[in-house]
Amino acid sequence: MPDNAIHPEAPAPGSTRSTVSRTDLLGVELPEMERLVDQMGEKRFHARQIYHWIYARRVETIDAMTDLSLSLRRRLTDRFALGRPRILTVEESTDGTRKYLLDVPSGGRVESVYLPEERRVTFCISPQIGCALDCRFCLTARLGLVRNLGAGEIVGQVLALLDDNAARIDGRPVNIVLMGMGEALHNYDNSMAAVRLLADPSGVGLPPRRITLSTAGLATGILKLASEPIRPRLAISLNATCDEVRSRLMPINKRFPIDALLHACRRFPLAPRERMTFEYVLLAGINDSPADPPRLAALMHRHGLRAKVNLIPFNAANGLTFEEPPDERARRFRDDLLELGIPVSLRKNRGRDISAACGQLAFVQAAP
């Protein structure tokens, strides 16, 4: 079980959070919830009630669980916390994208993004505060890794965005992408616990096909994920067509070169009509040459991958020296891949004006 304790040292200066160390129920899966209830000498069906209140009804306090007796609610409150992330700020883009800065229960702040589209909405959720992988084109990398987030802190971002955007969602299906701040496979156990809670019909109740995990290419994590009984969809941040360029852009490539990464991808199970997504950030003069689409197509075909490519024009950010390619060059790259038989989309970047686009999540932390 992930460490869910809310510790006395966690609250930031001026915080009104409790200073009592209690186990946080947000992030606890049902079997563990049953064990905790057993330890209290209570009947197991109460665990299912508590679980339903937290994940399906999305209550923010134990006292709101009104089908539990008052005495049980008081005993639960003495032993446990329900530490939902707290929204600190919301910025809204001209295109409707909303960027959230959240205070998370065990200390620290994290960013999440709400992306509205005509037929669906997408939440971009962070599995870590900061990131250790040091991708050169990503502003989050400048933070380094502050810490992993617990399963409850990951799921809590989803619950906070669901509640704050209930009217805006207006019945549209919700997609979750674990591709905000951090690397989900670098925080494997907590990320997968969050996926199970999100996908559980008795929990948050999102279909697994609407949950995507994005990785910079941790091949061992991909192989481990392939054996999970409940799997999210997988998106690979590729961003180059040869090891020399990818190693310069993404140091993780020195550990897992392209062929090793794609070999692991081939072993990842796909549904009959599903394709694995490869994300490719277009960097002017770096990875957008006329030779790159044929090399990319050759990689997909050589490894026998049922793939689609998501082209993402680079999002400029202070401190990053890369440039976005001209629109015509990005369209040519897309069209070349299509001619080579690779399904491809050219992403329209969203939320740039509020630094909410891909690679731009990197709040400035206050000094301790």
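A residue counts as buried when its relative accessible area is under 20%, as exposed when it is over 50%, and as partly exposed in between. That yardstick is used throughout what follows, and the structure it is applied to is a predicted model. Arg332 makes a handy first case: its relative accessible area is 41%, so it falls in the partly exposed class. The salt-bridge partner of Arg332 is Glu339, with 3.2 Å between the closest N and O atoms. Glu339 itself is exposed, at 63% relative accessible area.

Now for the overall picture. The protein chain is built from 11 helices and 15 strands. It runs to 368 residues, and 55% of them count as buried. The surface it exposes comes to about 16,500 Å², with carbon and sulfur atoms supplying 49% of that area. Contacts often reach a long way along the chain: taking those between residues at least 6 apart in sequence, 65% join residues at least 24 apart.

Strand S10, residues 174-178, is a good place to look inside. This strand is mostly covered, with 5 of its 5 residues buried. The cover is on both faces: Val174, Ile176 and Leu178 are buried on one side, and Asn175 and Val177 are buried on the other. S10 also has strands to pair with. Strand S7 (residues 121-125) runs parallel to S10 and is joined to it by 5 bridges, with Phe123 standing opposite Ile176. Strand S11 (residues 211-215) pairs with S10 as well, again in the parallel sense, over 3 bridges. Here the partner of Ile176 is Ile211. Going from S10 to S11 brings in helix H6 (residues 188-199), and the three elements together make a right-handed β-α-β unit.

Two buried residues elsewhere show what surrounds such side chains. Met276 belongs to strand S13, which spans residues 276-282. With a relative accessibility of just 2%, Met276 counts as buried. Setting aside residues up to four places away in sequence, Met276 touches Leu234, Ile236, Cys265, Phe268, Leu270, Arg306, Ala307 and Lys308. Arg266 sits 10 residues from Met276 in sequence, and the two C-alpha atoms are 9.3 Å apart in space.

Ile50, in helix H2 (residues 45-56), is the other example. Its relative accessible area is 1%, so Ile50 is buried. Once neighbours within four places in sequence are left out, the contacts of Ile50 are Leu25, Met33, Val37, Met65, Leu68 and Leu76. Of these contacts, Met65 lies 15 residues away from Ile50 along the chain, and 7.2 Å separates their C-alpha atoms.

Back to charged side chains: the model has 26 salt bridges in total. One of them pairs Asp163 with Arg84, and the closest N and O atoms are 2.6 Å apart. Asp163 sits in helix H4 (residues 151-164) while Arg84 sits in the loop between strand S3 (80-81) and strand S4 (86-92), so this salt bridge ties together parts of the chain that are 79 residues apart in sequence. The two ends are covered to unlike degrees. Arg84 is buried, at 9% relative accessible area, whereas Asp163 is partly exposed, at 31% relative accessibility.

Another salt bridge joins Arg120 and Glu117, with an N to O distance of 3.5 Å. In this pair, Arg120 is partly exposed at 35% relative accessibility, and Glu117 is partly exposed too, at 32%. Salt bridges can also link up: Glu34, Asp38, Arg44 and Arg48 are connected in a network of them.

Which kind of cross-link is missing? The count of disulfides is 0. Cys135 is in no disulfide, since the cut-off is 2.5 Å between cysteine sulfur atoms and the nearest one, that of Cys131, is 6.3 Å away. Cys135 is buried, with 12% relative accessible area. Cys242, by contrast, is partly exposed, at 24%.

Technical notes: Residues numbered from 1 in each chain as written. Predicted model: local features only at pLDDT ≥ 70, side-chain atom pairs only at ≥ 80, totals over all residues. Heavy atoms only, no water. Salt bridge = Lys/Arg side-chain N within 4 Å of Asp/Glu carboxyl O. Helix = DSSP H or I, 4+ residues; strand = E, 2+ residues; numbered from the N terminus. Buried < 20%, exposed > 50% of the residue type's maximum accessible area, 1.4 Å probe, protein only. Contact = heavy atoms within 4.5 Å. Areas by Shrake-Rupley, 256 points an atom, 1.4 Å probe, with all protein chains shown as cover. Pairing = 2+ DSSP bridges. Right-handed = clockwise from strand over helix to strand, strands pointing away.
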